2 protein chains.
Amino acid sequence: MEIPEKRAGRPRAFNADTVLEAAMLLFWEHGYEATSLAMLRDAMGLTPPQIYNAFTDKETLFRKALERYHQTEVSFALAALNAEVSTREAIALLLTGAATSYTRPDKPGGCLFISGALAASPQAQQVADTLKGYRQRSETAIAARLAKGQADGDLSMQISVPTLARYIRSVMHGMSVQAREGATSLELGQLAELALLAMPENSSGG
Amino acid sequence: MEIPEKRAGRPRAFNADTVLEAAMLLFWEHGYEATSLAMLRDAMGLTPPQIYNAFTDKETLFRKALERYHQTEVSFALAALNAEVSTREAIALLLTGAATSYTRPDKPGGCLFISGALAASPQAQQVADTLKGYRQRSETAIAARLAKGQADGDLSMQISVPTLARYIRSVMHGMSVQAREGATSLELGQLAELALLAMPENSSGG
DNA sequence: CGCGTTACATATCAATCGTTATGTTATGAT
DNA sequence: ATCATAACATAACGATTGATATGTAACGCG
């Protein structure tokens, strides 16, 4: 996919993936606005012109970090929703995946899509809206999986798909907040198990 | 309690409660760090020296705003936990209260204790820790109410109080995130109702 | 080799950040 | 009236913010 096409001119003195990973971790830890360029400079091991030449500006760098996060850190979510298991098991995979992903010892706690900018200054509203989009798309994906479950006779027709989807997302967001406070994967796993009690057992009846 | 003792010197040209309310609303909307003094100055209708004379500095102003928020906006929580109803009903009151409190049309969405600083710069870690303290105390209060329920034979002894308390807090935090995205009180109320399904019905058995 | 291109390092930009010095004005007490 | 006190308004502080201008070094290509 990514062909490292040989270009004229002096080659980069750094690996773009490596420094983007460092930037992502820093944004994940401190959020978009609270992460200063000086912090990024230190963490990435680059000078400001290097950062700006490679990533345009801070906002673009952040959006690249979001893409990377989406691909490398929360791929478990799509995998869970696409797994060929029952609807209930798919949601269980999703929640336990979140419990794991949000509490990796070598990574910041919680989810970048929440920590990145829950509140923001007026200047950063566009960035906050982008994060909101990521979060809402995940709810849409959950709702789609639930609807499929109903179509397959895998999930009770009595249940309101939008409400259940919203609930599941809400639990994940709550887990993210707690993960930031140092909750362990075990604790979040128990939380996920409890949250699943609100979801009815398999019942093909309508 | 608050005696407006007559002091010597020129009197204040503003009402401290009024301007603190304005500051609280601004912090609630944009969070601690993303709220600049220029924004506060405009919203409070004061000059910087007026703000600093009355509230010491930005951090102290924020802490005063937190106290005010705690007293005026989330008193529903303690009221719910102290209400003379069943444990299950108390939690129901708590969650529906959150649904209402987080979606007031004339107030920012969500909870200040989360929006204030979920992520923070290294310089603002103390503030972030204060918010963490507010959140964790609310979990402690929930856990205490659940333990009382078990002692009264009102809640199954099978249940893990810490886990259930963590779960309830997690739902509230998830509701807060969604409220920031424009979820209505009706939607959050449905979410609360669904979340309660994870809590066992009244059963005095152990 | 020399040319075009691109990234490099050093230094610095204007704007905004939270905060404060300075002098004036309005009060209560003597 | 005068004095101590405290808040007022104007102006500006040093530090940090995100972002660049400038000149140099390293590559592919002819």
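How many residues does the contact take from chain A and from chain B? It takes 34 residues from chain A and 34 residues from chain B, where two residues are in contact if their C-beta atoms, placed from the backbone, lie within 7 Å. Keep in mind that this is a predicted model: local features need pLDDT of at least 70, side-chain atom pairs count only at pLDDT 80 or more, and totals for chains, interfaces and linings use all residues. Residues are numbered from 1 along each chain as its sequence is written, while chains are lettered from A and ligands numbered from 1 in the order in which they are written.

**Where the two chains meet**

- On the side of chain A that touches chain B, helices 1 (16-30), 7 (112-115), 8 (125-151), 9 (161-180) and 10 (185-195) of chain A each supply at least two residues. Helices here are DSSP runs (H or I, at least four residues), numbered from the N terminus.
- Helix 9 of chain A gives the largest share of that side, with twelve residues.
- Sorted by class, that side of chain A has 16 nonpolar, eleven polar and seven charged residues. Ala, Val, Leu, Ile, Met, Phe, Trp, Tyr, Cys and Pro count as nonpolar, Asp, Glu, Lys and Arg as charged, and the others, Gly among them, as polar.

**How the copies are related**

- A turn of 180 degrees and a shift of 0.0 Å along the axis lay chain A on chain B with an RMSD of 0.0 Å, which is the relation of a two-fold axis. The superposition is by least squares on the C-alpha atoms of residues with pLDDT of at least 70 in both copies.
- The same surface serves both copies, as 100% of the contact residues of chain A recur in chain B.

**Around the DNA**

- DNA strand D has 25 residues around it, and S36(A), L37(A), K58(A), G9(B) and A13(B) come nearest. A residue is near a strand if its C-beta atom, placed from the backbone, lies within 6 Å of it.
- Helix 3 of chain B gives the most to the surface near strand D, with four residues.
- DNA strand C is also surrounded by 25 residues, with G9(A), R10(A), A13(A), S36(B) and K58(B) the closest.
- For strand C, the largest share of the nearby surface, four residues, comes from helix 3 of chain A.

**A look at Y32(B)**

- Y32(B) sits in the loop between helix 1 (16-30) and helix 2 of chain B.
- Y32(B) is buried because 26 other C-beta atoms lie within 10 Å (20 or more make a residue buried, 12 or fewer exposed, and in between partly exposed, with C-beta atoms placed from the backbone).
- Although 92 residues apart in sequence, Y32(B) and A124(B) are 8.7 Å apart in space, C-alpha to C-alpha.
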